[in-house]
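Me: Could you walk me through this one? I'd like to know how the labels are earned.

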Amino acid sequence: MNISVISQPYNWDYHPTNGRAIKVIFFGSDFKNLSKSNIGELIRLTNGCLEYIRRNCHGLKLYYKFHPGETDESKLLNLEGFELVRDNNNAEMFLYKNREEIKYAFSQNSTASSVAFSFGINSYVFLEPFQPVVGKVATNYWRETLFAEMPDNFFIKNFNHPLISNARSIISQDMPKSLVEIVQ
């Protein structure tokens, strides 16, 4: 069988950032829609994520992008230092339009983080800190299904976890030579 595995062509028109990657995006969550979850604890943990970002991304521009299903979750959070992104674009379009300016992307458990990773952006999820609230079954589902192909340093295990660069090369080694020539 002649089968080639290649990455999605998100980066075919990629242009180097030349130092313009100064933004950090946190993708919000519609945690009020999580049934049987402790909202107070979800707020506390999300604030822990935001504090982690403030501490580890000092000097960069911080942004909070609303989840499409969010109601008023952002009003319950400490968003000090974060600019709110209220556009109606989905995460994929937002990342596509802003990818050259984004240095880091974070979320609690959003697939937007894996999309950011596929764009060559340093990207992370905070699955483990939320496990006591959302449960082991949900955490394992996200890790083993939605994020099965992500590297270990994609997962922020606790709020003292070091922030390790994990951006992948824009040009995939799996990409056929003819496509590599197009993107270079």
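**Strands, helices and what's buried**

Reply: Sure. The protein has 6 helices and 5 strands, and bear in mind that this is a predicted model. Read along the sequence, the pattern goes β-α-β-β-α-β-α-β-α-α-α.

Me: What makes strand E2 count as largely enclosed by the rest of the structure?

Reply: A residue is called buried when its relative accessible area is under 20%. In E2, residues 61-65, 4 of the 5 residues are buried, so the strand is largely enclosed by the rest of the structure. For the protein as a whole, buried residues make up 47% of the 184 residues.

Me: How do you know that E1 and E2 pair?

Reply: Two strands pair if DSSP finds at least two bridges between them. Strand E1 (residues 23-27) and E2 have 5 bridges, in the parallel sense, so by that cut-off they are called paired. One spot to look at: Phe-26 has Tyr-64 in E2 as its bridge partner.

Me: And what makes E2 and E3 a pair?

Reply: The cut-off is again at least two bridges. E2 and strand E3 (residues 82-85) have 4 bridges, again in the parallel sense, so they are called paired too. Here Tyr-64 stands opposite Leu-84 in E3.

Me: Which share of the contacts with a separation of 6 or more joins residues 24 or more positions apart?

Reply: That share is 67%, where a contact means heavy atoms within 4.5 Å.

Me: And how much accessible surface does the protein have?

Reply: About 10,100 Å², with 50% of it belonging to carbon and sulfur atoms.

Definitions and conventions: Residues numbered from 1 in each chain as written. Predicted model: local features only at pLDDT ≥ 70, side-chain atom pairs only at ≥ 80, totals over all residues. Heavy atoms only, no water. Buried < 20%, exposed > 50% of the residue type's maximum accessible area, 1.4 Å probe, protein only. Helix = DSSP H or I, 4+ residues; strand = E, 2+ residues; numbered from the N terminus. Areas by Shrake-Rupley, 256 points an atom, 1.4 Å probe, with all protein chains shown as cover.
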